[in-house]
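User: Please take a close look at one part of this structure, the packing of its interior, and describe it in one connected account.

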Amino acid sequence: MSGMAATGVGVMRVVHAATSRVLATTPAAALACGLFFTPPISNAIDWITRMVTSLVPADIGDLGFVSPAQGQPAALTPSQSDALNAYNRAVNDFKSVLRERRAQINSNQPLPNLPGQALYLARNTMMSAYKDLTDALPSKIGRPNKFGIPPAYFDADNEPLLDEYANLFKIMQAPPANAQDSNAPFHDVVALGSAIGRAKGLDAANAEVAGRISLGIFFAETNGNQNMGNARSNKYKGSLQTGVSEDQNGQKKWTAIKPSIAAFDPALSARDDKEEARAGNLDRRFNHWTAVRDGLVNAHAELFAQIPAIVKTLPNPIDQMKLFELIQIIPSPTRSALKSGNFANYRISDPTIMGFLRNNSIFTFGRADRAKTSATFGEILDAMWLFNDKFERALSKFNEIKAQRKGESPQTGTTFAQQPSVKG
């Protein structure tokens with residue numbers, strides 16, 4: 001074997017051993033850091049490159065080891081380079097905020113006011129910067145991701161960052177210690193939504209749609225978590241994320257329609273009496289039953305009466321849920337669009353309304369979306385893709401509940417209102 005060949009073999013052995021050590025330690029390091037903040041593998045590659053360079057004679061030349069950053073296209077335009085740099089900064093900033101909040105929680109440090117706001121904005125900035133990058137370099141659009149986010153808006157390699165984001169919010173938005181859970185929270189939402197629909201004059205089939213839509217609202221507002229707080233607001237709390245005044249208004253409206261509900265569903269009325277007694281002086285937003293009841297009656301009950309027409313206009317159940325979620329976000333324009341007779345083409349251009357949409361992850365990501373000064377409701381529904389996963393899970397849960405009901409005997413089956421709900 002020539003000296004050059006021997007040197008080459010030795011180099012490759014060094015590379016193989018170093019690479020093996022990197023790959024062997026990476027899983028342990030990832031676990032130790034919560035799977036989110038492991039130093040990039042490119043650091044290890046750079047180290048290997050330096051070692052190889054020091055061992056290889058000058059006449060062998062470059063072996064072709066490059067870091068991912070060095071592997072970018074050789075000739076980026078200034079705007080493409082700016083977009084790439086902005087995205088890299090946004091990812092690092094998002095990681096930094098995640099690390100900071102995790103460290104505060106793990107060390108039991110006091111959190112700042114609205115501790116989720118910085119996380120939310122950093123996430124949005126990262127996704128916005130990625131959309132700007134893929135607009136400038138369409139080749140950067142990668143594989144689908146488990147969150148169902150359009151690949152042009154999110155790099156699937158960053159899935160662990162959004163997992164950590166969700167984990168932190170779950171901790172920061174945990175219900176208060178005195179919150180009163182339900183053992184069947186999804187059944188309760190469907191039961192209340194259906195009963196309110198019937199009280200507003202719907203037949204059985206359309207009342208069922210009201211129950212399905214109600215479950216979609218619950219998932220949209222809390223991801224299906226009952227009695228939760230809000231890390232981005234000091235106002236909105238509970239299973240339907242209502243303010244104090246909204247909950248109080250809901251209590252008054254419930255009192256007005258309860259007699260009619262008691263007439264056709266005495267079991268549900270009796271259950272309501274028990275939950276009221278159980279809640280006592282508790283903020284009604286932290287009893288799952290009363291929070292859902294008051295939130296639905298306050299914001300959605302009047303619109304339930306229009307469900308037959310809404311179903312004709314929007315036959316897709318996911319679109320129906322989106323419409324009712326817009327009642328939570330921009331109620332007046334949404335009602336006006338329904339009254340117009342041309343819902344999909346009804347256009348809004350009020351800057352304040354567009355701001356409300358952006359604050360709820362609609363037209364939020366990328367310069368092109370943020371530059372929009374107006375939108376039709378058809379465009380708004382399309383732009384609500386970040387809600388799709390929640391609504392699909394709500395629909396799946398509703399179908400599961402519906403199947404359970406069909407399997408029950410009419411004489412002995414348990415109604416939604418009779419489902420076990422009180423822990424302990």
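Analyst: What follows begins with the whole chain and then turns to the interior.

This is a predicted model, in which local features need pLDDT of at least 70 and side-chain atom pairs count only at pLDDT 80 or more, whereas totals for chains, interfaces and linings use all residues. Residues are numbered from 1 along each chain as its sequence is written, and side-chain values use heavy atoms, with hydrogens and water left out.

The protein holds 18 helices and 2 strands, these being DSSP runs numbered from the N terminus (H or I over at least four residues for a helix, E over at least two for a strand). Of its 424 residues, 45% count as buried, a word that here stands for under 20% relative accessible area, with exposed for over 50% and partly exposed in between (1.4 Å probe, protein chains only). Among contacts (heavy atoms within 4.5 Å) between residues at least 6 apart in sequence, 68% join residues at least 24 apart.

The interior can be described through its nonpolar cores, each a set of buried Ala, Val, Leu, Ile, Met, Phe, Trp, Tyr and Cys residues joined through side-chain atoms within 4.5 Å. The largest of them has 59 residues, and F324, L326, L357, I362 and I380 have the most contacts inside it. Helix α7 (residues 204–222) supplies the largest share of this core, 9 residues. I362 shows how such a residue is surrounded: neighbours within four places in sequence aside, it is in contact with L326, I329, L357, I380, A383, M384 and F387. Apart from this core lies another, of 31 residues, which includes A90, V91, A122 and L133.

L357, one of the residues named for the largest core, belongs to helix α15 (residues 351–359), where I353, M354, L357 and R358 are buried. These four cover an arc of only 140° around the axis (the arc being that of the directions from the helix axis to the C-beta atoms), which puts them on the same side of α15. An α-helix has 3.6 residues a turn, so residues three or four places apart point the same way. At the start of α15, a polar contact is made where a side-chain oxygen of D350 comes within 2.7 Å of the backbone nitrogen of T352; the term covers a pair of N or O atoms within 3.5 Å, where within protein one must be able to donate a hydrogen and the other to accept it, and residues adjacent in sequence count only if both atoms are side-chain atoms. After α15 comes S361, with a positive phi near 65°.

Helix α14 (residues 331–339) has P333, T334, A337 and L338 buried. Viewed down the axis of α14, its buried residues fall within an arc of 140° and so line one face of the helix. S332 and K339 are exposed on the face of α14 turned away from that buried side. The buried residues of α14 pack against α11 (301–304), α12 (307–313), α13 (317–329), β1 (347–348), α15 and α17. After α14 comes G341, whose phi is positive, near 80°.

Aromatic residues also pair: rings of Phe, Tyr and Trp (its six-membered ring) count as a pair if their centres lie within 6.5 Å, with planes under 30 degrees apart called stacked, over 60 edge-to-face and the rest tilted. The whole structure has 14 such pairs. In one of them, Y153 and W385 have ring centres 4.7 Å apart and planes at 50°, so the pair is tilted. This pair links distant parts of the chain, since Y153 is in the loop between α4 and α5 (159–172) and W385 in the loop between α17 (377–383) and α18 (388–406), 232 residues apart. Y153 and W385 are both buried. F387 and F391 form a stacked pair, 5.9 Å centre to centre with 15° between the planes, and F387 and F391 are buried as well.

K131 lies over the face of Y153, 5.2 Å from the ring centre, a charge being over a ring if NZ of Lys or CZ of Arg is within 6 Å of the ring centre and within 35 degrees of the ring normal. The charged end of R232 likewise sits over the ring of Y120, 3.5 Å from its centre.

In the other core, A90 has its place in helix α3 (residues 78–106) and counts as buried at 5% relative accessibility. Residues up to four places away in sequence aside, A90 touches T125, M126 and A129.
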